[in-house]
Amino acid sequence: MDVKKTKIMHHLRLLVFLFIVSLSAAAQESIQIGQLHRISSKFLEEERAIQVYLPKGYKDTDKQYPTLYILDGQWYFFNGVAIQESMRGEYLLPEMIVVGVLMDRPGRNQTLNKQWDEFKSFLQLELVPYVNKNFRTTQENILFGWENAAFMACELILDKPGVFDGAIASNGAYIDDNMLQPFDSLNTQRYLFLANSTKDIYTVSYSNKAAEYLESAQSENLIWEYRLFKDEIHETLANVSLFQGLKFYYHNFSSLTFSSIDEFYSLGGISYAESYFKSRGERFQLSTEIDEGTKNTLIWMAWKQDRFEAFDLFMKDFSEVLETKRYASAYWQNRLAQFYLKNEAFEDAKKFFEQGITKYPEEKYLARMYHGLGQAYLGLGQKKLAKSNFKQAIKIAIKNDDPNLEAYQTELKKLG
């Protein structure tokens with residue numbers, strides 16, 4: 001190869017390499033979680049930085065959102081966002097705006113030790129109004145504080161301005177008569193979740209005393225819970241308590257779930273579910289009717305646990321849910337019909353087999369549904385219609401090389 005060709009090949013290789021590098025660079029996308037905002041505080045006489053996360057659909061709707069405020073955002077802001085991203089998909093928590101208040105050391109200690117009142121004023125009179133003004137909020141606010149900031153969370157949840165509806169105090173707490181008695185006179189209701197660990201030798205005594213005081217005080221306005229963990233330490237509990245605290249605050253936000261039909265009845269059955277969703281709807285401005293998720297769960301659980309009486313009750317009481325997209329398939333129509341058939345409820349079995357055949361004639365389930373329909377007719381004493389449907393099932397089974405073909409043929413022969 002001559003020198004000219006060698007240079008050309010060298011340039012070509014270089015161009016290909018640069019092209020591949022440029023493609024690789026173009027394929028890489030930066031991931032940005034939240035935005036940094038700065039607020040000029042007259043109380044602290046300085047500019048304070050906050051992180052703000054907005055739900056993914058924020059820009060596409062005019063919906064308003066509750067707000068989670070996280071003190072020490074430099075450590076726990078991303079944890080709050082992660083909980084949002086992972087839990088709201090299961091409808092356990094609502095979509096929320098997450099605000100992280102940056103409190104880097106050594107300024108953090110300065111703020112909490114020497115500017116306590118000023119920092120309280122900043123949070124209530126500057127930060128919350130700023131967020132409400134610049135973002136679409138419901139003005140329902142939850143505050144998270146860890147260690148020294150947990151003491152701040154306790155004080156703010158009982159404070160007269162009342163900008164926070166719930167507080168999560170992790171690894172520290174303090175409450176006394178001077179805080180609780182004025183709060184009880186406000187005739188308002190708020191939530192407080194206290195958390196600590198037996199292994200946090202630094203702060204567990206404070207949380208224990210706060211819980212003991214609340215137990216004896218029996219405040220009617222403060223709904224609270226204390227969780228004492230055994231396996232966490234001072235540095236790890238915050239991550240657990242933030243999640244558990246949100247679950248506590250939103251304890252009646254999700255659909256109802258039960259471990260068994262027996263548990264459903266022991267709690268009060270349908271009347272319990274109706275009461276739950278009435279309370280849920282009034283608190284969160286949601287529908288007060290039993291939701292589809294709970295109805296579907298109860299139907300499925302009764303079928304799975306072979307509780308036909310409960311299954312039949314749910315199918316009748318929740319009949320409207322059967323018209324939803326979830327049940328719009330041959331799979332579901334056959335499943336429901338087969339359970340009715342198993343329990344000799346032949347008219348109901350016939351109904352669902354016929355719906356499946358008419359609306360969803362999928363080859364995979366068609367032979368089974370015709371065979372099931374034949375069995376339902378047989379149970380109703382209509383032998384002629386039973387034989388007709390058995391024959392149709394056999395015809396489809398032959399066409400599809402169905403492994404149940406022999407069983408279908410045997411049953412038809414028995415009819416003579």
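These questions and replies concern assignments made in a predicted model.

Me: What makes Asp 159 and Lys 120 a salt bridge?
Reply: Their side chains come to 3.6 Å, N to O. The cut-off is within 4 Å, so the pair qualifies. Asp 159 lies in the loop between α5 (148–157) and β6 (166–170), and Lys 120 in helix α4 (residues 116–134), 39 residues apart.

Me: Why is Asp 159 called buried?
Reply: Its relative accessibility is 17%, and buried means under 20%, so Asp 159 counts as buried.

Me: And why is Lys 120 called buried?
Reply: Lys 120 has 11% relative accessibility, which is under 20%, so the term applies to Lys 120 as well.

Me: What makes Lys 316 and Asp 348 a salt bridge?
Reply: The closest N and O atoms are 3.5 Å apart, within the 4 Å limit, so the pair is counted. Lys 316 is in helix α12 (residues 308–317) and Asp 348 in helix α14, 32 residues apart.

Me: Why is Lys 316 described as partly exposed?
Reply: Its relative accessible area is 43%; partly exposed runs between 20% and 50%, so Lys 316 falls in that class. Asp 348, at 22%, is partly exposed too. Both residues are among the contacts of Tyr 340, as are Phe 308 and Phe 352.

Me: How do you know that Lys 278 and Glu 282 are about one helical turn apart?
Reply: They are four residues apart in helix α10 (residues 269–284), which means a separation of about one turn. An α-helix has 3.6 residues a turn, so residues three or four places apart point the same way. The side chains of Lys 278 and Glu 282 meet in a salt bridge at 2.7 Å, N to O.

Me: How do you know that the span of α15 agrees with its number of residues?
Reply: At 1.5 Å a residue, the 17 residues of α15 should span 24 Å, and the end C-alpha atoms are 25 Å apart, so the two agree. Buried residues of this helix include Tyr 365, Met 369 and Tyr 377. The buried residues of α15 pack against α13 (330–342), α14 (346–359), α16 (383–399) and α17 (405–415).

Me: Why are β1 and β8 called edge strands?
Reply: The sheet is open, with the order β1-β2-β4-β3-β5-β6-β7-β8. β1 (35–41) and β8 (222–229) each pair on one side only.

Me: What makes β3 and β5 a pair?
Reply: Pairing needs at least two bridges, and five join β3 (residues 65–71) to β5 (residues 137–146), so the two strands pair. They run parallel. The bridge partner of Thr 67 in β5 is Asn 141.

Notes
Residues are numbered from 1 along each chain as its sequence is written. This is a predicted model: local features need pLDDT of at least 70, side-chain atom pairs count only at pLDDT 80 or more; totals for chains, interfaces and linings use all residues. Side-chain values use heavy atoms; hydrogens and water are left out. Contact means heavy atoms within 4.5 Å. The expected span of a helix is 1.5 Å times one less than its number of residues. Buried means under 20% relative accessible area, exposed over 50%, partly exposed in between (1.4 Å probe, protein chains only).
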